[in-house]
Amino acid sequence: MFRPSFVACIVSLLLVAVGAAQDKKAPADEALFNGKNLDGWKVTDFGGEGEVRVEEGQVIMRMGQPLTGITFADGSKIPTDNFEITLQAMKRKGDDFFCGLTFPVRDSHASFVVGGWAGTVVGLSSINGLDASENETTQYEKLESNKWHAIRVRVANGRIECWLNDKQMVDVELENNRISTRIEVDPCKPLGVCCYNTEAGLKDIKLRRLPAAK
């Protein structure tokens, strides 16, 4: 038989362990899109943008001339470091980028471009003045239409990292690199998503705040 004092000691240790595990659990995701309407967002004023509507839990961005997008309305709520943005994006029509995700990077911004330049280029715009089609992040992917693609961007630990469908596409150090956006997507700042001569769908747009590196 276990003595009561021994049992109490074991229970106490288990409670401490559970508490420690809870303290170390992953940060919670914050939903930035409610799946019902564009509350918290605005249609990006590019001039020539297509219609934007919410239908069946997704944002539908009609083809623009050439750009259509949405921009988060209250930029003060978006961190500039130690965060992740995730979303699902779909190319519905067209042959150019269906997801240009513009996001803060400390005192600047960058864009993760998916499906650009005739539909296959994936990369970061811009690094030292070179866009996603001509810098060290340039990659080529066959991207199916009418299929959801998982997008993830992380700014943390002095780096920008980006993933497409769990494949890492970008890993860039901030030190000694000048990060910027192309002027065409500046209306998306500080956080926005746009498409170019393409009809696109978006859903599950989320923010995760990450602990600062010690």
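Pro190 sits in the loop between β13 (167–173) and β14. The peptide bond that joins Lys189 to Pro190 is cis, with omega of about 0°. This is a predicted model, and the angle is to be read as a property of that model. A second cis peptide bond joins Ser125 and Ser126, with omega of about -5°. Ser126 belongs to the loop between β9 (121–125) and β10.

The chain as a whole contains one helix and 15 strands. Of its 214 residues, 45% are buried. The chain exposes about 11200 Å², and 50% of that area comes from carbon and sulfur atoms. Taking contacts between residues at least 6 apart in sequence, 64% join residues at least 24 apart.

The strand that follows the Pro190 loop leads into a sheet. Seven strands form an open sheet in the order β2-β5-β14-β7-β8-β9-β10, and their pairing is antiparallel. Its edges are β2 (41–43) and β10 (139–140), each of which pairs on one side only. Strands of a sheet are held together through backbone hydrogen bonds, in either a parallel or an antiparallel arrangement. Inside this sheet, β5 (residues 67–72) and β14 (residues 192–196) run antiparallel and are joined by five bridges. One point of register is given by Thr68, whose bridge partner in β14 is Cys195.

Another set of pairings centres on β15 (residues 198–209). Strand β1 (residues 29–31) runs antiparallel to β15 and is joined to it by three bridges. Here Glu30 has Leu207 as its bridge partner in β15. Strand β4 (residues 58–61) is also antiparallel to β15, again with three bridges, and Ile60 is paired with Gly201 of β15. Strand β6 (residues 83–94) pairs with β15 in the antiparallel sense over 10 bridges. The bridge partner of Met90 in β15 is Gly201. Gly201 is thus the bridge partner of both Ile60 and Met90.

Met90 also gives a way to reach β11. Met90 and His149 are 59 residues apart in sequence, yet their C-alpha atoms are 6.1 Å apart in space. His149 is part of strand β11 (residues 149–156). Is His149 buried or exposed? His149 counts as buried because its relative accessibility is 3%, below the 20% limit for that class. Leaving aside residues up to four places away in sequence, His149 touches Leu87, Gln88, Ala89, Phe98, Leu143, Glu144, Leu164 and Asn165.

Two residues other than glycine have a positive phi and can be compared by their surroundings. Glu56 has phi near 55° and is found in the loop between β3 (52–55) and β4. Asn82 has phi of about 60° and lies in the loop between β5 and β6. Their accessibilities place them in separate classes. Glu56 is at 76% relative accessibility and therefore counts as exposed, the limit for which is over 50%. Asn82 has a relative accessible area of 17%, so Asn82 is buried.

The last feature is the largest pocket. Empty space of this kind is found by rolling a probe the size of a water molecule over the atoms. The largest pocket holds about 250 Å³ of space. It is lined by 15 residues, and those closest to its centre are Phe97, Trp117, Arg182, Glu184 and Tyr196. Which strands each supply at least two residues of the lining? They are β7 (99–105), β8 (108–116) and β14. The strand that gives the most to the lining is β7, with three residues. By class, the lining has eight nonpolar, four polar and three charged residues. The strands β14, β7 and β8 follow one another in the order of the open sheet, and these strands contribute to the lining of the pocket.

Methods:
Residues numbered from 1 in each chain as written. Predicted model: local features only at pLDDT ≥ 70, side-chain atom pairs only at ≥ 80, totals over all residues. Heavy atoms only, no water. Pairing = 2+ DSSP bridges. Helix = DSSP H or I, 4+ residues; strand = E, 2+ residues; numbered from the N terminus. 1 Å grid on protein atoms, 1.4 Å probe; cavity = no way out; pocket = protein on both sides within 12 Å on 5 of 7 lines; lining within 4 Å. Points joined across faces, edges and corners; volume = space filled by probe spheres on them. Nonpolar A, V, L, I, M, F, W, Y, C, P; charged D, E, K, R; others polar. Buried < 20%, exposed > 50% of the residue type's maximum accessible area, 1.4 Å probe, protein only. Contact = heavy atoms within 4.5 Å. Areas by Shrake-Rupley, 256 points an atom, 1.4 Å probe, with all protein chains shown as cover.
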